[in-house]
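Work through the exercises below with the sequence and the model in view. Try each task before reading its solution.

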Amino acid sequence: MSAPLLGCIADDFTGATDLASQLVSAGMRVVQTIGVPDGPLDTPCDAVVVSLKSRTVAPAQAVRQSLEALDWLRGRGAGRFFFKYCSTFDSTPEGNIGPVTDALLDALGQDFTLAVPSLPANRRTVYNGYLFAGDVLLNESGMQDHPLTPMRDAFLPRVLAPQTRHKVGLVSHLALAGGAAGVRARIAELRCEGVGIAVCDTLDHDDLVAIAEGSSDLSLVTGGSGLGLTIPATFPGFLPRGDAARLDPIGGRALVVAGSCSRATLAQVEHARAHMPAMAVDVDALFSDAQGHSDALVAFAADRDGDRPVLIHASMPPERLRAVQERYGVAQSGERVEHALATVARRLVEAGGVRRILVAGGETSGAVVSALGVTNLRIGPTIDPGVPWTQSVGTAEPLALALKSGNFGGPDIMTRAFERLA
Ligand SMILES: Nc1ncnc2c1ncn2[C@@H]1O[C@H](COP(=O)(O)OP(=O)(O)O)[C@@H](O)[C@H]1O
Ligand SMILES: O=C(O)[C@@H](O)C(=O)COP(=O)(O)O
């Protein structure tokens, strides 16, 4: 089997489907694996995206998982690599963007890479090193209240510097004005200055074209999924394929599971509550009687007729979330909620006839997909930018899964997604 051109390592599952979907849009055949596979790759493809759940684990663990993924991808013959993290640069003060980038560079014997989080299609742009989400700076976008990775500084070189042992620099919009040649020249300059990781400004798609072309001789690039649209064309001789996004039709009951507390998901949950039966997770009940509360959630969702989706959500606004986290701890409450949502989804698939699931939230998606025993995902049509329908491989029956990044999607995505599938 021919080797994939591009090997990708994604630090969460929604991020992985986001990247996979951009690569598919650019005409690549993509396989998305859940974790690092045990064996060889049995499907021909142009790119492989290994989905990890490494965004918020301890840095040493994230590094270990990422190096295992790199080894496996190299073993499959991939020659260029992409470390995918969030377009809002989600990280803790210790990592894991810096430590994983350092480790991948070392393993590849390289001393330089780019950090390109931008995703202009979803209005994530970078200007003079400052990351914007929509019209506002990252730290005013709601991300300052993220349950696990609150982002309180929009100046990315300053966020990255304490996480890496490399000197951090900037490829600014001034260099991008010179197109791919401008990027190449700036990279050469930064290398002479001893910079190891350069954050890239990006305002629009043309900038992503210039960055992809100007960095095509780097073994490793890092960033958000935006570059996924422009990297494929930089492989000499690559011919985009037209049939990359076809999936089998999947019937069965529909479920929405929301564990994201982002502004976008909160608005989507509010919209969905007006259009489908919905039950909120009670975190206190999860701590006093996890099994009993899980039974109640399953019973609520199972006791519905017809094709209309049912919503189970833990999502809550920042002030209520803070109170929960003060009571039970950030990590402990997050894990408890993820485990509960994943258990409910698994039980409803095993015994409730659920075959179509939209999950909101990256960590939540990781927990759900792992509980369902998915090994690979085939990437299908896009619902909203960065959110494709996918089809599971490895489950007893194929499932239709949409793994939605917390911040992605229009207000009605939780209803519209299922219409798109029909
Ligand atoms: N009510 C809640 N109380 C405590 N933690 C919660 C609650 N709702 C969600 N969480 C946790 O918040 C985290 C949200 O992260 P994630 O699923 O990655 O969403 P996003 O995509 O917005 O980052 C998860 O760990 C989830 O379990
Ligand atoms: O880059 C992005 O914004 C997404 O692909 C992503 O990584 C989403 O992460 P979550 O917001 O945790 O779902």
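Which residues come nearest to ligand 1, and how many residues are around ligand 1?

**Exercise 1. Describe the surroundings of ligand 1.**

Solution. The model is a predicted one.

Step 1. Start with the question above. There are 21 residues around ligand 1, and the nearest are His 146, Ser 260, Glu 338, Glu 363 and Thr 364.

Step 2. Sort that shell by class. It holds 9 nonpolar, 10 polar and 2 charged residues.

Step 3. Look for polar contacts, that is, pairs of N or O atoms within 3.5 Å. An oxygen atom of ligand 1 has a polar side-chain atom of Thr 364 at 2.6 Å. The backbone also takes part: an N or O atom of the Gly 334 backbone is 2.8 Å from an oxygen atom of ligand 1, and a polar backbone atom of Ala 314 is 3.0 Å from a nitrogen atom of the ligand.

Step 4. Ask how much of the ligand is covered. Ligand 1 on its own exposes 570 Å², of which the protein buries 97%. The space that ligand 1 takes up is the largest cavity.

**Exercise 2. Trace the shell around ligand 1 to helices and domains.**

Solution.

Step 1. Find the helices that supply at least two shell residues each. They are helix 11 (318-328), helix 12 (330-351) and helix 13 (362-372).

Step 2. Pick out the main contributor. Helix 12 gives the most, with 4 residues.

Step 3. Move up to domains. Ligand 1 lies between domain 1 (6-234) and domain 2 (253-421), because both give residues to its shell.

**Exercise 3. Repeat the analysis for ligand 2.**

Solution.

Step 1. List the shell. Ligand 2 is surrounded by 15 residues, with Thr 14, Asp 18, Arg 55, Lys 84 and Ser 87 the closest.

Step 2. Sort the shell by class. The count is 3 nonpolar, 7 polar and 5 charged residues.

Step 3. Find side-chain contacts to oxygen atoms of ligand 2. A polar side-chain atom of Ser 87 is 2.6 Å from one such oxygen. For Arg 55 the distance from a polar side-chain atom to a ligand oxygen is 2.8 Å, and for Thr 14 it is 2.8 Å.

Step 4. Check the cover. The protein buries 95% of the 350 Å² that ligand 2 exposes when taken alone. Ligand 2 sits in the largest cavity.

Step 5. Assign the shell to elements. Helix 1 (residues 13-25) provides the largest share, 3 residues. Domain 1 (6-234) and domain 2 (253-421) both contribute to the shell, so ligand 2 lies between them.

**Exercise 4. Examine the backbone in the loop between strand 4 and helix 3.**

Solution.

Step 1. Place the residues. Asn 96 belongs to the loop between strand 4 (80-84) and helix 3 (97-108). Phe 89 is also found in the loop between strand 4 and helix 3.

Step 2. Is the peptide bond from Gly 95 to Asn 96 cis or trans? This bond is cis, with omega near 15°.

Step 3. Is phi of Phe 89 positive or negative? Phi is near 55°, which is a positive value in a residue other than glycine.

How values were computed
Residues numbered from 1 in each chain as written. Chains lettered and ligands numbered in written order. Predicted model: local features only at pLDDT ≥ 70, side-chain atom pairs only at ≥ 80, totals over all residues. Heavy atoms only, no water. Near = heavy atom within 4 Å. Polar contact = N/O pair within 3.5 Å; in protein donor to acceptor, adjacent residues only side chain to side chain. Areas by Shrake-Rupley, 256 points an atom, 1.4 Å probe, with all protein chains shown as cover. 1 Å grid on protein atoms, 1.4 Å probe; cavity = no way out; pocket = protein on both sides within 12 Å on 5 of 7 lines; lining within 4 Å. Sits in = over half its atoms within 2 Å of the grid points. Nonpolar A, V, L, I, M, F, W, Y, C, P; charged D, E, K, R; others polar. Domains from an automatic or database assignment.
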